[in-house]
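Let's take a tour of a protein model, from its cysteines to its greasy inside and its surface. Have the 3D view open while you read.

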Amino acid sequence: MDDEEKGELLLGGQDVSSENPFLLDETEQQQQQVNLDNFYLNEEEKKEAVSIVPESSTPSKAAASSDSAPAWSRGEVKADTRIQEIERKERELAEREAAIQRREAEQRQQGSGGAQASYDKSKKNWPSCMPLVHYDLRNDIPEQQQGLVKTGFYCWLIAEAGYALNLLVMFLMLVTGSGVKFSTFLFTCMATGAGIPLSWICWFQALYNLAQTDSGIFANLKFFFHFSFHLLFCALAFLSPPIIGDFNAGLFQMIYEFEKEGGIHKFFGFLCLMNTLIWLACGLLSLWVLQWTFRNFRSGGGIEATQQAGASALIAAKLIFPSSGAKLRKKNDRRRGREEEEETATEGRARLGGAWVEGVEGMTGKRVSEVPLMAGLGPSYAPRAPKTSRLSKEEETKVDALQFLMNAARSKAASNKTANEDIQRKEE
């Protein structure tokens, strides 16, 4: 029996479904059913549920079946779609990132394999016109260190230009007879011939290897050691003081040339000015490279690592040579003991010599030099004190005898003084 028949029975068989205020129409019944089903849903889900229009406009018994029942009545809770969407996007991003990493690894392996087959680090490739050394900034040096190595390379090029210009100026001054001796020019040739290859081998190769090893302690110390000599030579080449010789066309040589009269000297002064500016630029750029390298060394913990290495070396030296400190302390103790023994012996000899002289003079009433058989002996023949603070029995006997003589001399001198005073009183 449907709802309309039930309404007719309740109202006496009359069809008053359209007039009964307690009966809802089909649209209101559908809306009420949707509201009850969506009671535990959020606002967005409610809007989606309201916008859905069911196929059957008339409520029936099938509406109460398990298919049309709300999710909460079946013991199910609908998950938040936003969280699911975020998790889905995260999974997609992770998969894309893993795929990119795999692709980059494959390309890196393929590139390294091809590079190993076609690239040789020991191959000389610079300068391109006549390769003498190996220099490949892009393949040998990491990207974060390429700026430092490139600046150091420019510094090396400026230094080589300074060497070449200095040699040219000194050669022209030698040929024109402008006061440069052949020995000075020979020394300039030696400095240029040794400076160009040594600057590349020592400090620039140290910088090149330093950038490859990523701030190793030994690499940094090696670079600082060689680069300090480079900075010293830059200062000497810039100033060229006469106290070390006039082998370089520096600042003082420029002043001397400008002070002379003649166009040739002005020309040499201009060349010396150019050489001075080149070495000044090289020195300033070298200071910048040194500061850059030291900043990287300090930021990488190089100072702390050097201190720890020094402490470890000191501990290892103490473990390897444990008796060196003890031997040194024993040696100092023996030397100090000998000095104390010598001081004690000197004091003892002086004490015994004074007692001997006083005793002899007290017994005889004369000086030692005036006593027969004792003239010329003096205190040098007095008994000597031992080298140690403790006296032997024989020496103690001598000391007692000297003390007895000294006491006897004092008593006799006192009695003589008393007798003389009595005689003086009687005479008065």
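What follows is a short walk through some parts of this structure, which is a predicted model.

**Cysteines**

How many disulfides are there? The count comes to zero. Take Cys155: its nearest cysteine sulfur belongs to Cys282 and is 4.0 Å away. A disulfide needs two cysteine sulfur atoms within 2.5 Å, so a pair 4.0 Å apart doesn't make the cut. As a reminder, a disulfide is a covalent bond between the sulfur atoms of two cysteines.

Is Cys155 buried or exposed? Cys155 is buried, because its relative accessible area is 0% and buried means under 20%. Here is how Cys155 sits beside three other residues from this tour:

| Residue | Relative accessible area | Class |
|---|---|---|
| Cys155 | 0% | buried |
| Cys189 | 28% | partly exposed |
| Ile158 | 27% | partly exposed |
| Leu273 | 31% | partly exposed |

**Ile158 and its partners**

Find helix α6, which covers residues 146–175, and you'll find Ile158 in it. Which residues does Ile158 touch, leaving out those up to four places away in sequence? They are Ile278, Cys282 and Leu285. There's also a nice case of chain folding here: Ile158 and Ala281 are 123 residues apart in sequence, yet their C-alpha atoms are 7.8 Å apart in space.

**The inside**

Now for the nonpolar cores. In soluble globular proteins, nonpolar side chains tend to be buried together. In this model, the largest nonpolar core has 29 residues. Among those with the most contacts inside it are Tyr135, Trp203, Phe223 and Trp279. Helices α6, α7 (182–213), α8 (217–239) and α10 each give two or more residues to this core. Which of them gives the most? That's α7, with eight residues.

Zoom in on Phe223 for a moment. Not counting residues up to four places away in sequence, Phe223 touches Trp203, Ala206, Leu207, Leu210, Val289 and Thr293. A second, separate core has 11 residues, including Leu165, Val180, Phe268 and Leu271.

**The surface**

Where else do nonpolar residues gather? A nonpolar patch lies on the surface, with about 700 Å² of accessible area together. It is formed by Phe258, Phe270, Leu273, Met274, Leu277, Leu280, Leu284 and Leu287. Helix α10 (residues 263–299) supplies the largest share of the patch, seven residues. Leu273 is in helix α10, and Leu273 counts as partly exposed at 31% relative accessibility. So α10 turns up twice on this tour: α10 gives residues to the largest core and to the surface patch.

Note on methods
Residues are numbered from 1 along each chain as its sequence is written. This is a predicted model: local features need pLDDT of at least 70, side-chain atom pairs count only at pLDDT 80 or more; totals for chains, interfaces and linings use all residues. Side-chain values use heavy atoms; hydrogens and water are left out. Buried means under 20% relative accessible area, exposed over 50%, partly exposed in between (1.4 Å probe, protein chains only). Helices (H or I, at least four residues) and strands (E, at least two) are DSSP runs, numbered from the N terminus. Contact means heavy atoms within 4.5 Å. Patches are made of residues with over 30% relative accessible area and no salt bridge: like charges are joined within 9 Å, nonpolar side chains (Val, Leu, Ile, Met, Phe, Trp, Tyr) within 5 Å. Accessible areas come from the Shrake-Rupley method with a 1.4 Å probe; for residues, only the protein chains shown count as cover. A salt bridge is a side-chain nitrogen of Lys or Arg within 4 Å of a carboxyl oxygen of Asp or Glu. A nonpolar core is a set of buried Ala, Val, Leu, Ile, Met, Phe, Trp, Tyr and Cys residues joined through side-chain atoms within 4.5 Å.
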